[in-house]
Each structure stands twice: as C-alpha cells, then as structure tokens.
Amino acid sequence: MSTTAAATTTGRPARRSARDGSRRASARRLTWVVAGSAVLGPLAAGVATVGVFGGAPEHVLTGTGLLGLALGWAALALGSTTLTGRPQRWAAVPAAALGAVGTALLVLAPGDGPLTAAGWLWPPLLLGLAGWTIHRAVRSFGLRLPFWLLSPVLVLLVLASVGGAATTVRTALGGSPSMPGELVDVGDRRLHLACTGSGGPTVVLLGGMGETSAAWGLVQPAVAGTTRVCAYDRAGQAWSDSAPGPKDGVQVATDLHDLLNRAGERGPFVLAGHSVGGTYAMVYAAQYPDDVAGLVLLDSSTPHQFTALPDYPGAYSLARRATALLPTLQRLGAGPLLTSGAPADLPAAARAQMRAFDWSTRQLRAERDEVAAYPAVFEQAQALPGIGSTPLVVVTATAGDRQAGWSAAQDALAELSPTSSHRLVPATHSSLLLDASASAFSVAAVEDVVRAVRAQAAVLGS
C-alpha cells in the first residue's frame, strides 16, 4: 500500500470520529437549550405574575404570564438555531401564538364579560396548538431526553386547555340561584339589597373580604325577629353589577348611601360590620355621621391595620398577590381545587348562593380590586376619631390563631365610644357568621345595640 493510500485510510476514521464528536457536542448543547427554555418560560411567567406585576388586574397577569411562556419557546427556537446544528424553528409557532395573545390582552384590557365569552374559543385553540407542538417535538426529539425535558410545559398547555373548557361548560350549566330582595339602580349600576323584618332602627350588614350577603344567612333571619335588617352586595358581588374605578372605603360608603336612599330605607341605621366590613362601616360613619344610630364591630379590622399589627404588611402583600391570581386560576380550571364547601350551618338558600357566586371570576375580580384598595380604606377609616355616645358593641373572637397586636387593636376600637361594650367570645373569626352557635354572639350584639338605640341608653353590659 502506498503512503498516500495509507494516509487516506487512516484519515477517514479520524474525520468520522471528529464528525461523531461534533454531533454529540451539538446534541448535548441542544439538550441544554431545551432544558433552559423549559425552565425559562414558566420561570419568566412566575416572576411576572407573582413578582414584578404581583397584584395587578387579571388582563395584566394573564398577558404577562403568556409572554413569559412565549419567551421560553422563543429561546428554544433561537438557541437551537444559533448554538446547535439541529435548529428547532417550529418552536417559533407556540412562541408567536402565546406572545400575540398575551400582547392583545395587555393592549385591549378586556373585562370579565369578554374573557368569559372567550372561554368557548381559546381552550380548543390552545389544545390544537398543544397537540401540534407535541407532534413536532416528537418528530424532532423522538422519546429521548430533550422531549421529556420539554414535557412538563407541554402537559401544562394541555391541562390549561382542558381545565378552561371544563370551567366554561360548568359556568354555563351552573345557572344563578333565585335572588332575594331587589336590584336597586344607583345611577350607573344596580346593587343588590335584601331587607327583612320590621321596626326600627334598621340594621345594615356589611360583609368582610369576599363575603356576600349570603354570609349573613344565619344572622339576618335572627335579627329580623327584632327589627328591620338589610344585607347587600357591594359592586361586583353576587347579583350586584360591577363598577369601574376605585373600590376604596369612600366609594363603598357612597354606594351604600345611595343604595339605601334609592331603596327608600329610612335611617339613621345601625351598621354591623364583620372583619374589613367593620372598617367600611367606620368610613361610612365618618362620611355620614347623622345616618348612624349605632355600630357593631364583629372581629373587625382596625383602621391602623398596617401599624398596629406588625405581621400584617407581609400578610397583606401575600394576600394581594394571591387574590389577583385567583381569577386566572379559576378560568384555567383550578377552581375545584381551591374552593371550600359552603358551611353546613347556613340555610340551604344561602349555601346555594355561596356555591354559585363565591368562586365566579367576576366575584374574584371584585375581591382583587377591594384588596388592592385596603391601604386607602384603612387610612380613610382613621377619619373617624370617635362616635361619642352612639351605642357601640365590639365583639372579639378569642378562638383560633390571633395576629400579634390584634387584642390591643380590638381594645382601641372599643374606645371609639365611652359607653361601648367590648365582648370577648369563644368563637373564631369566620364562625361569628357561619356557625349556628357562634353566630348567636353576633345576633346578641346587634340586638343589644338596637335596644340601646330605642331606649336612648347605653348598651347593656358596658
């Protein structure tokens, strides 16, 4: 064999080995690109929705979340093209689709109605996109490691489409329970008001965070045996129309004032507020002092919530981010995983109302807007330095975990009136409304204030 032939024969395995090594290196780089993009998309979506834009309106969170996922697919298309010998240009399709929808949400800022109607369209389209993407991924990677690295994102797309379709169908078939009371036109919207009983003074019930009129299903019938009592739903809750603009304490007070006037309910009223509903009652008393004959604060928040409770600022930050995410999670089908059952002690009609409304996207959007306004609500409630000799009962639940500073804050609420009655009761925060036995403490407090107003005397037990 000649020297030239021998060199040629020896060079072929060397070149083949070099090509094999290059292919293996390219395959390793592709694996790293796939892994990076699979992490980058969900991570970017999480940082946007929980971190940078945490607490933002639904269209912002959903839009930025989709842009985050689109970034992951774009990274796969671009990274595989520039860093490997196996470009995955097909990944630009889910990147473009998700990015376009995310951008549209940010630009158009649709409300609950359009987003709910779109629930008939986007789940099948997303499922089609997921199926096409899975097909292309299998063609490109087979059932090897890169595919399995990408599979969690693919499963996420499938679950979102199936969950969204299930939510749309469930919402359409759920219907609406019969409405007690009436819808009252307060100008640019209607608010739901349900009044029962007779006599005066009329009691007005104000629910806390996420509490509709149904939450008073045990308290209202009991109080109705003593006097007239009204429960209502704030804008966006239950049957009440949604409303644009801020949902701070002054706006809530204005809505309630207009609602009672237009419904023909005559004051002055006894206001009974549970949790943050007590803070709304204090803002109302500051805005319309002549309309308030008595006040009942049921384990109420304090106007100094951010300073009197050292742990509250952190808890509020978490709550604001969580409540903002709930409408999106509900549309994606996570509602049944998050929903707690209606309390068994409530009357059947109230339980049906809770099941129908408490986890509707419209209600969750209203809850998000209210939570976002809490700093303003608490500050506005500080405009009430006291209520003089107006009858006041403060009920403080002693069971369950209590935040640091809560007891002292409850004592401070009792100082709004020199003739107040402060009652420590063996109940939890929620059981004051939702438990048959514990709600008796709330009923007794309301009835005692009503009797004091009638007698123009101090509350018994003060």
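**Exercise 1. The setting of Phe306**

Does Phe306 count as buried, partly exposed or exposed, and at what relative accessibility? Work from the predicted model, and then describe the surroundings of Phe306 in sequence and in space.

*Solution.* Begin with the class limits: buried means under 20% relative accessible area, exposed means over 50%, and partly exposed lies in between. Phe306 has a relative accessibility of 30%, so Phe306 counts as partly exposed.

Next, place the residue in its secondary structure: Phe306 belongs to helix α10, which covers residues 305–308. Then set aside the neighbours within four places in sequence; the contacts of Phe306 are Tyr312, Pro313, Tyr316, Pro375 and Phe378. Finally, consider Leu392, which is 86 residues from Phe306 along the chain; the C-alpha atoms of the two are separated by 24 Å.

**Exercise 2. Aromatic pairs around Phe306**

Classify the ring pair of Phe306 and Tyr312 and that of Tyr374 and Phe378, and identify the cluster in which ring pairs link these residues.

*Solution.* Rings pair if their centres lie within 6.5 Å; planes under 30 degrees apart count as stacked, over 60 as edge-to-face, and the rest as tilted. By this rule the model holds 12 aromatic pairs. For Phe306 and Tyr312, the ring centres are 5.0 Å apart and the planes stand at 80°, so this pair is edge-to-face. Tyr312, at 9% relative accessibility, counts as buried.

For Tyr374 and Phe378, the centre-to-centre distance is 5.7 Å and the angle between the planes is 50°, which makes the pair tilted. These two residues are four apart in helix α15 (residues 374–381), so about one helical turn separates them. Both Tyr374 and Phe378 are buried. Ring pairs link Phe306, Tyr312, Tyr316, Tyr374 and Phe378 into a cluster.

**Exercise 3. The setting of Cys230**

Determine the burial class of Cys230 and list its contacts beyond the neighbours within four places in sequence.

*Solution.* Cys230 sits in strand β4, residues 229–233. Its relative accessible area is 0%, so Cys230 is buried. Beyond the neighbours within four places in sequence, Cys230 is in contact with Leu193, Ala194, Cys195, Thr202, Val203, Val204, Leu205, Gln220 and Glu265. Thr196 provides a distance check: Cys230 and Thr196 are 34 residues apart in sequence, while their C-alpha atoms are 6.5 Å apart in space.

**Exercise 4. A nonpolar surface patch**

Name the residues that make the nonpolar surface patch of about 460 Å², and locate Leu43 in the secondary structure.

*Solution.* The patch is made by Val39, Leu43, Val47, Val52 and Phe53. Of these residues, Leu43 lies in helix α1, which covers residues 3–52.

How values were computed
Residues are numbered from 1 along each chain as its sequence is written. This is a predicted model: local features need pLDDT of at least 70, side-chain atom pairs count only at pLDDT 80 or more; totals for chains, interfaces and linings use all residues. Side-chain values use heavy atoms; hydrogens and water are left out. Buried means under 20% relative accessible area, exposed over 50%, partly exposed in between (1.4 Å probe, protein chains only). Contact means heavy atoms within 4.5 Å. Patches are made of residues with over 30% relative accessible area and no salt bridge: like charges are joined within 9 Å, nonpolar side chains (Val, Leu, Ile, Met, Phe, Trp, Tyr) within 5 Å. Accessible areas come from the Shrake-Rupley method with a 1.4 Å probe; for residues, only the protein chains shown count as cover. A salt bridge is a side-chain nitrogen of Lys or Arg within 4 Å of a carboxyl oxygen of Asp or Glu. Rings of Phe, Tyr and Trp (its six-membered ring) pair if their centres lie within 6.5 Å; planes under 30 degrees apart count as stacked, over 60 as edge-to-face and the rest as tilted.
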